[in-house]
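Visitor: I am new to this structure. Please show me how to read it.

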Amino acid sequence: MNLIPTAPLPDFSSYEDVGEKKEAFFSYLLPLVQQANRQIKEERQFIQKMQRQTTFSTEDTARLQRLAETYRVPFDDAFNNDFFKLMLRRVDTIPPSLVLAQAANESGWGGSRFAREGNNLFGQWCFKPGCGIEPAQRASHLQHEVARFDTVYHSVMSYMRNLNRNLHYIDLRKTREKLRAQGLAVTGQSLTPGLAKYSTRGEAYIAEIQGMIRANDLEKYDQPSDAATL
């Protein structure tokens, strides 16, 4: 089992040079993204292995059920083709370029209040009183808080699971599934159109994330040869 990285979020405000700040941010975050993707890849490979079997051990059945609950996939005692199809659509890696660009955008390069106080680099919300940090500019009719995480790694994993299971991002997952079926690389640029509901800014937000990926040459981290074979 992979150990959870616990390195605290650095103080990126100490960098005076913008280029050095960006490099430090990506250098800190990339290993966390890669480890989170390794965990997801291991889960996906287990599901693919189970898909090829006709009988399941008690241990395998329990693990399948836990993964189904994590990724919000309905299941019964008979794991059928529809179950595995939906599981494989949801249990899949996220291109590092997309993760890095969104983290930089949503956290102000690691300098936002929510990043510093709650290890939250992606602006993720929670809805139980006391679950996170209350936004200073929250409208009176809203009750959400900005989630607080024990580590930045937990924030990365939560963000990835959000993209992988939230109904708002079904188009992103279908695009990824189609690329996989065609043997094509899954890149950050190819998935950004599926983020229309991540921000109220819609298409402008998508364009901004795509611009950040291009400007910072982030797709070099996407390892297309590996992505095409998952």
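Guide: We will go through the fold, one helix pair and two loop residues.

Guide: This is a predicted model, where local features need pLDDT of at least 70, side-chain atom pairs count only at pLDDT 80 or more, and totals for chains, interfaces and linings use all residues. Residues are numbered from 1 along each chain as its sequence is written, and side-chain values use heavy atoms, with hydrogens and water left out.

Visitor: How many helices and strands does the chain have?

Guide: Helices (H or I, at least four residues) and strands (E, at least two) are DSSP runs, numbered from the N terminus. Here the chain has ten helices and three strands. Along the sequence they follow α-α-α-α-α-β-β-β-α-α-α-α-α.

Visitor: Why does the radius of gyration agree with a compact globule?

Guide: The radius is taken over C-alpha atoms, and the globule rule is 2.2 Å times the number of residues to the power 0.38. For 230 residues the rule gives a value near 17 Å, and the chain has 18 Å, so the two agree. The C-alpha atoms fill a box of roughly 60 × 40 × 35 Å along the principal axes.

Visitor: What share of the residues counts as buried?

Guide: Buried means under 20% relative accessible area, exposed over 50%, and partly exposed in between (1.4 Å probe, protein chains only). Of the 230 residues, 46% count as buried.

Visitor: How are two packed helices described?

Guide: By the angle between their axes and the distance between the axes. Axes are lines fitted to C-alpha atoms, for helices over the stretch in contact, and angles run from 0 to 180 degrees between N-to-C directions. Helix H1 (residues 18–51) and helix H2 (residues 58–70) pack at about 125°, with axes 11 Å apart. That makes H1 oblique to H2. Angles under 35 degrees count as roughly parallel, over 145 as roughly antiparallel, 65 to 115 as roughly perpendicular, and the rest as oblique.

Visitor: Which residues make the contact?

Guide: Contact means heavy atoms within 4.5 Å. H1 brings Glu 42, Glu 43, Phe 46, Ile 47 and Met 50, while H2 brings Asp 60, Arg 63, Leu 64 and Leu 67.

Visitor: What sign does phi have in most residues other than glycine?

Guide: Most have a negative phi. Arg 72 has a positive phi of about 55°. Arg 72 is in the loop between H2 and helix H3 (81–90). Asp 217 also has a positive phi, near 50°. Asp 217 lies between helix H9 (203–215) and helix H10 (224–227). At 46% relative accessibility, Asp 217 counts as partly exposed.
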